[in-house]
Amino acid sequence: MSQPSPAGPAGPAEPLQPQPDTRTLRAFYQVLVNTALANVTSSFLWFALTFWVYLETQSVLATAIIGGSYMLLVAVFGVVFGVIVDRMKKKAVMLLSSIVTTVAYLLAGFIFLTIPESALLDWTGPWFWAFAGVILVGGVVENLRNIALSTTVTLLVPAERRDRANGLVGAVQGIAFMVTSVFSGLSIGLLGMGWTVAIAIAATGVALVHLLFVPIPERGVVHVEGVAPAGFSFRGVIPAVMAVPGLLALILFATFNNLVGGVFMALMDPYGLTLFSVEAWGIVLGVTSFGFIIGGALVAKFGLGKNPVRTLLLVNIGIALLGMTFAIREWWWLYALGILIFMALMPIAEASEQTIVQRVVPYEKQGRVFGFAASVESAAAPVSAFLIGPIAQFWLIPYMESPQGQDTFGWLLGDGEARGMALAFVGASLVLLLVVLLAFFSKPYRELSDAYAAAPPSLHTDDGEGTHAAAAASDEPDASAAISPARDDLRSGLR
């Protein structure tokens, strides 16, 4: 990958990217804070939309379709986002994300002010889905920023601290979740949807302005092909994944995990809102989201062990067992405790997967690998969310309210109005447990564990030259360097 520098054949080679050290680590913390601010905003409006829809329509099907649509959009745009991250400087990517989110929320505010609320609340009508759709777009684009954040861990954090940095990411996301879940419920309950949208617009603007002053020390953009591309090509996405033994199996496992997770995504809020008022449910989510902070702090303190692949599977066993128990009785404290433990496990699982990719995939390909993983993994959740909504609405809930259902599963699930949703939790978790146990004995598990152990810990490239690969140059007048300015990448993407 290295070629003579512009100084001449004998000139010194300039490092392609700065070696991660305490200075770049400080920059990472600033990026992390700004991303937390942006995620607070998108989560705030997303939670509020879900609460508002369920309270006004009392339809599990409507909330399932909204949740599934979000994951479907993430799946559709995941690879696109990953390629954009690989083709642009990371700060330019984050600015692009913030601008699109701001415009989307402004459009949502315009729709809310100009369309009667009765039309917006008709979930079978076009204005409901136009309003929900622009909010979804604003939230989905935040995933572009999150993919960029995952690559900045590799760029800015020393190799021996990346697992702990990923733990901090989980902890910060937990803080964001805690803040937004509390204030979303209070905002909908006390202020209504209109003021909630206004607050989201203002907060998004603050995040955008703050980002302008956040430094990301990145000298340029690494192009895998050795020259600046003419556009955002998808070439190399699949080869980048297939080059690591077992990595595709990891993504497929996470995909199946999300298939089961779609059940929880569609039903957790409706189940919670049967036990609590909207204000109380928001507070419960805020308190239980301390689990995110606990799990992220544990990773930041102790790391993930020598084999994050094994850690990931163990965490999923815990999630499966938890899902089989936290709704077996309609007790608010059991459900709240289960959510707290669930949220403590999630940052550990996320940090494990990110640490694996950051170790085994060369830096210049990480954006597309993270994007591909987001697309494939997220594609599963809408399937189960779209399915479980009507299944729960028209079969499970009526079945568990019938004498036959109560006679069959009453010994396990007890009595209550939400026993149909509880049955869905137990069934999905049992399937997950069986799959995780099989994965422990699979060949891909052993291959990926070996690949992680053998991979160099430094920020490395395909040719193995590491962080200090030289800036590419060419004697031909029309050849491009391996590092190109971000404005050139942006201009290429707009063509």
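These entries record what I looked up in a predicted model.

**Conventions.** I number residues from 1 along each chain as its sequence is written. Local features need pLDDT of at least 70, side-chain atom pairs count only at pLDDT 80 or more, totals for chains, interfaces and linings use all residues, and side-chain values use heavy atoms, with hydrogens and water left out.

**Entry 1, core.** I looked up the largest nonpolar core (buried Ala, Val, Leu, Ile, Met, Phe, Trp, Tyr and Cys residues joined through side-chain atoms within 4.5 Å) and found 128 residues. Phe28, Leu49, Phe131, Met193, Leu267, Trp281 and Phe326 have the most contacts inside it. Helix H1, residues 22-57, gives the largest share, 15 residues; helices are DSSP runs of H or I, at least four residues, numbered from the N terminus. I also noted a second, separate core of 5 residues, Val79 and Phe372 among them.

**Entry 2, Thr204.** Thr204 is in helix H7, residues 193-211. Is Thr204 buried or exposed? I list Thr204 as buried because its relative accessible area is 5%, and buried means under 20%, exposed over 50%, partly exposed in between (1.4 Å probe, protein chains only). Beyond four places in sequence, Thr204 contacts (heavy atoms within 4.5 Å) Thr41, Ser98, Thr101, Thr102 and Tyr105.

**Entry 3, Phe326.** Not counting residues up to four places away in sequence, I found Phe326 touching Phe264, Met268, Leu334, Tyr335, Gly338, Ile339 and Phe425.

**Entry 4, Phe290.** Phe290 lies in helix H11. I record Phe290 as partly exposed because its relative accessible area is 42%.
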